[in-house]
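I opened this notebook to keep a record of what I looked up, entry by entry. I begin with one feature of the surface and then move outward from there.

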Amino acid sequence: MLIQAIDRRQISPYEFALLDDWKIATGRSEPGYGFLNPPTQSTLSQTNKLRAAVGLRSVELRNKLIEVEHKTGLNFYLPGWVKGKIVIE
């Protein structure tokens, strides 16, 4: 399975999440990882659980890091699949 590929370091958690998010966005109705479809307040907890399960930061932490980048000019080299903050609808 793909999740095992993360453990073997054959695929990064970000790559896995993007693949699974694509699958979710194109046919399933449950919350995803927040890359392709933004989470809502009611699904944010589930989105963060999915992200934590594969080793990704919570949406809130990622958004705070984006703020720090903008305020300080530092570059944390966050994945660029979503430019800027992940919007919570």
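Entry 1, a surface patch. I looked for nonpolar side chains grouped at the surface, and I noted a patch of about 230 Å² that is made by Val68, Leu74 and Phe76. The model is a predicted one, and I keep that in mind for every value below. Of the three patch residues I followed up Val68, which lies in helix 4, the run of residues 59-72. Val68 has a relative accessibility of 34% and therefore counts as partly exposed, a value that passes the patch criterion because membership asks for over 30% relative accessible area.

Entry 2, confidence. I wanted to know how far helix 4 can be trusted, and I found that helix 4 has the highest mean pLDDT among the elements of the chain, at 96, whereas helix 1 (residues 2-7) has the lowest, at 72. For the chain I wrote down an average pLDDT of 87, with 96% of the residues scoring at least 70.

Entry 3, the salt bridge. How many salt bridges does the structure hold? I found one, formed by Lys85 with Glu67, and the closest N and O atoms of the pair are 2.7 Å apart. Glu67 belongs to helix 4 while Lys85 sits in the segment after helix 4, so the pair ties together parts that are 18 residues apart in sequence. I then checked the accessibility of both partners: Lys85 is partly exposed, with a relative accessible area of 39%, and Glu67 also counts as partly exposed, at 33%.

Entry 4, a backbone angle. I went through the backbone torsions and stopped at Tyr77, which has a positive phi of about 55° although it is not a glycine. Tyr77 lies in the segment after helix 4. Is Tyr77 buried or exposed? Its relative accessibility is 69%, so I entered Tyr77 as exposed. I also took a distance from this residue: the C-alpha atoms of Tyr77 and Ala53 are separated by 21 Å, with the two positions 24 residues apart along the chain.

Entry 5, another residue of helix 4. I turned to Lys71, which is found in helix 4 and is exposed, with a relative accessible area of 71%. From Lys71 to Ser29 I noted 36 Å in space, C-alpha to C-alpha, for a pair that is 42 residues apart in sequence.

Entry 6, the chain as a whole. Having gone through these local features, I tallied the secondary structure, which comes to four helices and zero strands, the elements running α-α-α-α from the N terminus on. The radius of gyration is 13 Å, close to the 12 Å that the globule rule gives for 89 residues, so the chain is as compact as a globular protein of that length. Along its principal axes the C-alpha trace spans about 40 × 30 × 20 Å.

Entry 7, burial, surface and contacts. What share of the 89 residues in the chain is buried? I recorded 34%. The accessible surface of the chain comes to about 5,800 Å², and 56% of this area belongs to carbon and sulfur atoms. Finally, I considered the contacts between residues at least 6 apart in sequence, and I noted that 29% of them join residues at least 24 apart.

Conventions. Residues numbered from 1 in each chain as written. Predicted model: local features only at pLDDT ≥ 70, side-chain atom pairs only at ≥ 80, totals over all residues. Heavy atoms only, no water. Patch = residues over 30% accessible without salt bridge, like charges linked within 9 Å, V, L, I, M, F, W, Y side chains within 5 Å. Areas by Shrake-Rupley, 256 points an atom, 1.4 Å probe, with all protein chains shown as cover. Salt bridge = Lys/Arg side-chain N within 4 Å of Asp/Glu carboxyl O. Helix = DSSP H or I, 4+ residues; strand = E, 2+ residues; numbered from the N terminus. Buried < 20%, exposed > 50% of the residue type's maximum accessible area, 1.4 Å probe, protein only. pLDDT = per-residue confidence, 0-100. Rg over C-alpha atoms; globule rule 2.2 N^0.38 Å. Contact = heavy atoms within 4.5 Å.
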